[in-house]
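Here is a walk through one model, from its sheet to its helices and its nonpolar cores. Keep the viewer open and follow along.

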Amino acid sequence: MLIKIIYSNVLSYLVKKIYKIHERIVGRNMRDERTIKLLGSQGGLMEYSLFADESGTSAVDKCFTIGCLLVPNNFLDDFEQQVRHLLKKHNLPDERELKWSGIKKNYGMVNLLIDLTQLITNSPASFICKVSWKQPYYNWQANEEVAFYKSYTMLMSYCARILKSDINAKIDDKSDSYSKHAEVVEIIGNHNLKDRLGSITEVKKCDSKSELLIQVADLFTGAINASHNLFLHPEAQIHKGKVLAINKIAECLGWDALHYDTYPNADINIWHFPEKEYRKVPNTLDVVPTNNVAYVSREDVM
């Protein structure tokens, strides 16, 4: 029995490593800079769960971001278990909601983000976000709520098309003037995918307090939007602990900050919009993951 368990664990590990290597090779071969490489080589063979949140919709922010954590369904339980293990590792209660707004003097949260970044870059999971600069985005000036859900639709349908698989989406339940936006995203998104492989099976609004992986999406979406907002508005007020968290995530990716967009990759993708005004501002970078990022201490965030 022990031999069988060891064999099963080794086989599972090897399959995941081969899977990750394969997807990175496919990502490098894609020519369209805007194309997001999200395990597309396995198209049609797998189903995915998408967990999404937003940041930067308030008037004081110069940009807003929608971020999606994508996890293959056959890896979903394993991924969530690893997240819960990291919560215990950093002495964070799993009954407390993880939120970017809560990262201030909590050095355990900063260290959690280091480990979560490395978990994504070393597993079949991926994170993709769309950062929209509000000033040149005409739709945002006309109707913020409509523009926000247009962005959601663009992002979800694009992920489904690249994955060529079914996506089941859970999004944070934000307050809107129109209650059926999730259904509209699903309908229009699938219309955009007509005659192509890939579909959005469901878009469901959920209370993030009961969805751990929406909370993970919140952390990364908040960090990326905050970094972009600081680039667009250097005088913006932000806590020292949040700046430290941004820098540590960036260090995990081989960067000095998070306000860049990315070339196609299998790990963390950042898409700038509108493209004409915002693409390659200030630069487009490759993700170069590293696992050698030091933890922070209590003194670092005080």
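In what order do the six strands of the open sheet stand? This is a predicted model. Its six strands run β5-β4-β1-β2-β3-β7, and the pairing is mixed. The edges belong to β5 (199–206) and β7. Each of these two has a single partner strand, so one side of each lacks a neighbour in the sheet. From one strand to the next, the twist averages 20 degrees.

Now take the pairings one by one. Strands of a sheet pair through backbone hydrogen bonds, in either the parallel or the antiparallel sense. β1 and β4 are parallel, with six bridges between them. Here Y48 sits opposite I167 in β4. β1 and β2 run antiparallel and are joined by eight bridges. D53 has G67 of β2 as its bridge partner. β2 and β3 also run antiparallel, again with eight bridges. G67 appears here too, opposite C129 in β3.

How many of the nine residues of β1 are buried? Eight are, so the strand is largely enclosed by the rest of the structure.

A helix lies against this sheet. α5 (residues 144–163) packs on it and touches β1 (47–55), β2, β3, β4 (166–172), β5 and β7. The direction of α5 makes about 30 degrees with that of β2.

Next, look at helix α7, residues 212–232. Its 21 residues, at 1.5 Å a residue, should span 30 Å. The C-alpha atoms at its ends are 30 Å apart, which agrees. Of those 21 residues, 18 are buried, so α7 is largely enclosed by the rest of the structure.

Two residues of α7 show what surrounds the helix. N225 is one residue of this helix. Is N225 buried or exposed? Its relative accessibility is 2%; buried means under 20%, so N225 counts as buried. Beyond its neighbours within four places in sequence, N225 is in contact with S55, G56, D61, C63, F64 and T65.

H228 is also found in α7. It has 0% relative accessibility, so it too counts as buried. Setting aside neighbours within four places in sequence, H228 is in contact with C63, V131, L258, H259, Y260, I270, H272 and Y278. A pair to find in the viewer is H228 and S132. They are 96 residues apart in sequence, yet 9.7 Å apart in space, C-alpha to C-alpha.

Finally, turn to the nonpolar cores. In soluble globular proteins, nonpolar side chains tend to be buried together. Which members of the largest core touch the most other members? They are L69 and F79, out of 53 residues. Several elements give two or more residues to this core: β2 (63–72), α2 (76–89), α3 (107–121), β3 (126–133), α7, α8 (240–252) and β7 (268–273). α7 gives the most, with 10 residues.

F79 shows how such a core residue is surrounded. Apart from neighbours within four places in sequence, F79 is in contact with L69, V71, L119, I120, S123, A125 and L213. A second core is separate and has 30 residues, including F64, L70, C159 and I167. Two of these names have come up before: F64 as a contact of N225, and I167 opposite Y48.

Terms used
Residues numbered from 1 in each chain as written. Predicted model: local features only at pLDDT ≥ 70, side-chain atom pairs only at ≥ 80, totals over all residues. Heavy atoms only, no water. Helix = DSSP H or I, 4+ residues; strand = E, 2+ residues; numbered from the N terminus. Expected span 1.5 Å × (residues − 1). Buried < 20%, exposed > 50% of the residue type's maximum accessible area, 1.4 Å probe, protein only. Core = buried A, V, L, I, M, F, W, Y, C linked by side-chain atoms within 4.5 Å. Contact = heavy atoms within 4.5 Å. Pairing = 2+ DSSP bridges. Axes fitted to C-alpha atoms, helices over the stretch in contact; angles between N-to-C directions.
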